[in-house]
Amino acid sequence: MVNRCKTHGPYRECVVDVREVDFYEIPARQRIVSNFYRRILIRNTLVTEKPVVLLAEQLSPATVDALGPDFEIRQTDGSDRDQLLTAITDVDAILVRSATQVDAEAIGAASKLKVIARAGVGLDNVDIKAATAAGVMVVNAPTSNIISAAELTVGHILGLARNISAADASMKAGEWKRAEYSGTELYEKTIGIIGLGRIGALVAERLRAFGTDIIAYDPFVTSVRASQLGAQLVDLDELLERSDFVTIHMPRTPDTMGMLNAESFKKMKKTACVVNVARGGLIDEADLDVALRAGEIAGAAVDVFVKEPAKNVPFVGLKNVVATPHLGASTTEAQEKAGIAVARSVRLALEGDLVPDAVNIAGGSIDKDVRPGVPLAEKLGRILTALSKDEALTRVEVKVAGEIATKDVTSLKLSALKGVFTDVVSDKVSYVNAPVIAEQRGVKVELETTAETEYFRNETIVTGTLSTGENIVVGGTVTGPKHILKLTNINGYDFETPITDYMLVLEYEDRPGMIAAMGTLLGTASINIAGMQVSRDENTNRAVSVLALDSAAPAEVIESIKKVVSASRAAHINLAD
């Protein structure tokens with residue numbers, strides 16, 4: 001007898017011979033296999049194997065509801081290392097918050113793991129490199145907390161203005177010191193916002209209602225976009241000098257760590273306060289402590305710290321400081337949004353579909369010939385940003401040339417945009433929010449395809465138009481069976497050099513001794529040159545050099561090289577993170 005079993009949605013129709021046999025004796029080709037279920041009808045009994053999703057921390061009921069009935073749900077205490085390593089061995093996906101460390105050891109212990117989902121924005125507790133190397137997708141919820149973080153920022157500014165926390169503590173101590181806790185109005189005060197991305201924009205929107213004067217510093221935002229938000233773009237020094245309250249919303253990169261430091265506090269008003277709910281380390285904690293104790297600034301509100309949980313941080317105990325334990329995303333609404341978002345991503349990933357919120361790989365339905373170009377496009381986007389000299393972009397064009405141009409290459413456009421904004425905004429950039437970020441910043445995005453290429457089988461070229469009108473062009477290709485990513489073009493200068501973690505790009509007038517000068521300065525700084533390629537324009541005698549370095553080069557070393565070779569452009573590109 002033959003029974004026919006027809007599944008639903010993405011599942012295939014399969015025929016299974018029902019005999020007196022054990023499940024594992026049936027040939028694999030006769031088992032009903034789908035992306036969600038493996039079913040077999042034996043002796044009129046339906047046996048179902050569902051993908052296993054491990055909840056390593058407490059998640060809302062709405063998260064489980066969003067997963068639906070198609071999964072086997074297991075739970076464990078992810079903060080207990082032994083429990084985690086035991087529970088993760090045979091699961092298809094794991095959902096975590098911030099307490100579970102999904103590092104290389106945990107990933108190595110999970111033989112079937114396909115997806116790591118972080119129900120939140122930060123990914124400090126997930127080893128993305130190890131996951132990528134193991135072919136495991138990492139997803140998060142990049143927009144889940146933006147309203148909560150913006151509201152906390154406004155709350156901290158109000159709290160500092162009216163001494164709410166200190167007055168409350170005084171009342172609880174049985175005191176009545178009304179005069180001591182006299183505050184100030186926000187009306188007509190100047191608010192300085194460093195970083196006018198999604199959260200910074202929401203803060204600006206909310207503070208306008210208080211009748212404040214909003215100024216902002218963000219080298220990647222145009223004056224038109226700032227004006228739409230009711231903010232005036234200024235340079236950082238002017239912002240520090242004019243502001244009554246300074247709030248920072250920048251990404252944590254080597255360039256932004258310690259962005260507000262001793263020098264910054266000396267430029268601020270003695271009556272000014274500073275707020276950080278973005279990333280720990282954007283404010284130099286030791287310098288902040290000194291500035292507060294010396295009366296260089298009036299107060300601070302800090303929600304994020306270099307090391308968390310934060311313990312024995314000196315300035316936390318000061319009366320003019322409001323400190324909170326990383327509460328930016330700690331609202332019922334944000335947690336529920338995050339859980340539902342990553343649950344949907346897990347479903348997409350296990351169905352083999354494109355996962356918009358993947359932070360390391362683009363997910364399923366991408367043509368196999370296009371897929372190697374996804375990481376290339378992202379790196380080209382990051383290189384473009386590094387070469388833009390902190391100028392705002394108004395347009396990004398992604399041109400795909402060659403054999404793959406006949407296929408769906410939308411993922412390459414998304415990946416390039418993800419790269420363009422990765423080192424610009426404070427949140428994790430994904431394939432779904434990159435176009436939104438571009439739209440919010442007034443950046444026009446275009447995709448062009450052509451089957452014609454001059455030198456390579458396939459080539460991706462990313463062009464950025466700056467607010468100054470200048471175009472920056474970066475091209476690349478993928479070569480060989482190992483899919484080596486190579487840089488092929490910078491502003492019309494031709495190359496064929498591998499893209500490495502650390503690169504230095506210099507444009508200068510070609511003359512004897514330039515290469516030796518670069519090598520000497522890098523060698524003196526104990527930075528090894530792994531490779532170098534020079535491309536020259538014979539008509540203008542201009543040259544562009546791309547140096548592959550074994551390690552990151554400090555800013556002062558780059559500046560020294562720039563001066564010695566009289567470079568018109570010097571960009572240090574760090575793709576290691």
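This passage describes the overall make-up of a predicted model, then its pockets and cavities, and finally one helix and one strand residue.

The protein has 577 residues, and 51% of them count as buried. Its secondary structure comes to 17 helices and 27 strands. Many contacts link parts of the chain that are far apart in sequence: among contacts between residues at least 6 apart, 61% join residues at least 24 apart. On the outside, about 26400 Å² is exposed, with carbon and sulfur atoms supplying 49% of that area.

Attention turns next to open space. Rolling a probe the size of a water molecule over the atoms shows where empty space is left. The second largest pocket has a volume of about 570 Å³. Its lining is made up of 27 residues, and those closest to the pocket centre are L160, N163, A298, K319 and N320. Three elements each supply at least two lining residues, namely helix α5 (146-162), helix α6 (164-172) and strand β17 (321-323). Of the elements, α6 gives the most to this lining, with five residues. The chemistry of the pocket wall is mixed, with eleven nonpolar, ten polar and six charged residues.

Enclosed space is the next topic. A search of the whole structure finds three cavities of 30 Å³ or more. The largest cavity holds about 130 Å³ of space. Around it are 18 lining residues, of which L196, G197, R198, V425 and R441 lie nearest the centre. Helices α7 (198-207) and α15 (433-440) each supply at least two residues of this lining, and α7 gives the most, with three. The wall of the largest cavity draws on two domains, taking at least three residues from each of domain 3 (164-323) and domain 4 (372-574). By class, seven of the lining residues are nonpolar, six are polar and five are charged.

The second largest cavity has a volume of about 60 Å³. It is lined by F220, T385, S388, E391, A392, L393, V420, F421 and V424. Here the lining consists of six nonpolar residues, two polar residues and one charged residue.

Helix α7, already met at the largest cavity, deserves a view of its own. The helix is mostly covered, with eight of its ten residues buried. The buried positions are R198, I199, G200, A201, L202, V203, A204 and L207. R198 thus appears in two settings: it is a buried residue of α7, and it is also among the residues nearest the centre of the largest cavity. The cover over the buried residues of α7 comes from both helices and strands, including α5, α8 (223-228) and α15 as well as β11 (190-194), β12 (213-217) and β14 (245-248). Two of these covering helices return from the descriptions above: α5 supplies residues to the lining of the second largest pocket, and α15 supplies residues to the lining of the largest cavity.

A single residue completes the picture. T460 sits in strand β20, which spans residues 458-466. T460 counts as buried because its relative accessibility is 3%, and the cut-off for that class is under 20%. Leaving aside residues up to four places away in sequence, T460 touches L376, L380, V398, K399, L412, V474, G475 and G476.

Methods:
Residues numbered from 1 in each chain as written. Predicted model: local features only at pLDDT ≥ 70, side-chain atom pairs only at ≥ 80, totals over all residues. Heavy atoms only, no water. 1 Å grid on protein atoms, 1.4 Å probe; cavity = no way out; pocket = protein on both sides within 12 Å on 5 of 7 lines; lining within 4 Å. Points joined across faces, edges and corners; volume = space filled by probe spheres on them. Helix = DSSP H or I, 4+ residues; strand = E, 2+ residues; numbered from the N terminus. Nonpolar A, V, L, I, M, F, W, Y, C, P; charged D, E, K, R; others polar. Domains from an automatic or database assignment. Buried < 20%, exposed > 50% of the residue type's maximum accessible area, 1.4 Å probe, protein only. Contact = heavy atoms within 4.5 Å. Areas by Shrake-Rupley, 256 points an atom, 1.4 Å probe, with all protein chains shown as cover.
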